[in-house]
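Dear colleague,

I am passing on to you the structure we spoke about, with the sequence alongside. My notes on what was found in it follow below.

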Amino acid sequence: MPLSNSQYDIIIREYNAKLLRRRRLVDKRIKEVYEKEPRLKKIEDAVSSCSLVQAKKLLSGDVTALPKLRGQLTEYKKQRLEILGKLGYSEQYFEPDYECRDCKDTGYIGNERCHCFKQRAIDLVYTQSNIRSILKDENFENFSYDYYSDSQKNPSTGLTSLETMQNAVKDSKKFIQEFDYKFSNLFFYGDTGVGKTFLSNCVAKELLDTGHSVIYFTAFQLFDIFAKNTFHRDTEEDIIASHQNVFDCDLLIIDDLGTEMPNSFTISQLFLCLNERILRRRSTIISTNLTLSQIAEIYSERTFSRISSSFTMLKLFGDDIRIQKKLR
Ligand SMILES: [Zn+2]
């Protein structure tokens, strides 16, 4: 779904507000430091007036004006830095960080929309704001192996629940590290409460923090969006055009596949979605409680074959973390 005009206006207003907030912060800091040392204000005034004087001279043909001005400015700059240093400040104090250094909070790099603009558009179009608050808690910093047993073994792999999770974390971190140059996808499966969604969120957080566009959907939301936009669209090209963001974002997360009550529509849309993303070499993470044979059975062999050939399959297992948390 493309941005509507009003959504575009909202984003532009947000960028303007960000710049204004930063400007006010800079002004506040200048005032604070200048109050501590009024000589700084005098230096600033002197810089303005000598620039003006020398500019006038330059315009009237005085060729010595420019080198003179440069000399004066260097001297003032030195004095200013000395004073700031004695007060314990640096010039950096007057240049607070931008939220996005790449576009300096303008949303654009040249004529191109910055990655932060693209993500904001996704958040707005697909109402992703709830995932932001979830990611504050669900990330690698808060990840704990405490819930994974080092004795309970998966008979089919011989690995303990803890070892299985350690491997999955290792694969997830590799996925993040190689994200910009290696196309890959992750498929987390296993019983309820073994940490599949948590792990997907850890990956989402890392990629969002490094400026990638991420869309998070439960399977139910994904098919709901498809259903709303597919209505009245006749051809597959139309459908694809109306879901550019879903097919093009750097990472798409489809959580809880199988909980959407599959039917012929969702089955065909899942294939379309995965196929488009694979063709565009855009990464996807799927998590599901379904077994692999159920995936093949419900979503057809051709979807299963796409998944098994393009995704790293990670089966997690252990006790339900949600129940364990309640028991503690
Ligand atoms: Zn930016």
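A good place to begin is strand β5, which together with helix α11 (residues 264–279) and strand β6 makes a right-handed β-α-β unit. Please keep in mind throughout that this is a predicted model.

Within that unit, β5 and β6 (residues 283–288) pair in the parallel sense over five bridges, and L252 stands opposite T284 in β6. β5 also pairs with strand β4 (residues 214–218), to which it is joined by five bridges and with which it runs parallel; here V214 stands opposite L251 in β5. Because six of the seven residues of β5 (residues 251–257) are buried, this strand is largely enclosed by the rest of the structure.

The strands lead on to the nonpolar core. The largest such core has 52 residues, and those that touch the most other members are A204, V214, I215, L251, I253 and I254. Helix α7 (residues 196–209) gives the most to this core, contributing seven residues. If neighbours within four places in sequence are left aside, A204 is in contact with L135, V214, Y216, L251 and I253. In soluble globular proteins, nonpolar side chains tend to be buried together.

I215 also has a counterpart far away in sequence: T127 is 88 residues from I215 along the chain, while their C-alpha atoms are 9.8 Å apart in space. T127 is found in the loop between α4 (115–125) and α5 (129–137), and it counts as exposed because it has 10 C-beta neighbours inside 10 Å, where 12 or fewer is the cut-off.

As for the chain as a whole, it has 14 helices and seven strands. Its radius of gyration is 28 Å, well over the 20 Å that the globule rule gives for 328 residues, so the chain is more spread out than a compact globule. Taken along the principal axes, the C-alpha atoms fill a box of roughly 85 × 55 × 35 Å. The domain assignment gives domain 1 (5–94) and domain 2 (126–327), and the centres of these two domains, taken over C-alpha atoms, are separated by 50 Å.

Two totals complete the picture. Of the 328 residues, 25% count as buried, and among contacts between residues at least 6 apart in sequence, 76% join residues at least 24 apart.

With best regards

Terms used. Residues numbered from 1 in each chain as written. Predicted model: local features only at pLDDT ≥ 70, side-chain atom pairs only at ≥ 80, totals over all residues. Domains from an automatic or database assignment. Helix = DSSP H or I, 4+ residues; strand = E, 2+ residues; numbered from the N terminus. Buried ≥ 20, exposed ≤ 12 C-beta atoms within 10 Å, placed from the backbone. Rg over C-alpha atoms; globule rule 2.2 N^0.38 Å. Contact = placed C-beta atoms within 7 Å. Core = buried A, V, L, I, M, F, W, Y, C linked by C-beta atoms within 7 Å. Pairing = 2+ DSSP bridges. Right-handed = clockwise from strand over helix to strand, strands pointing away.
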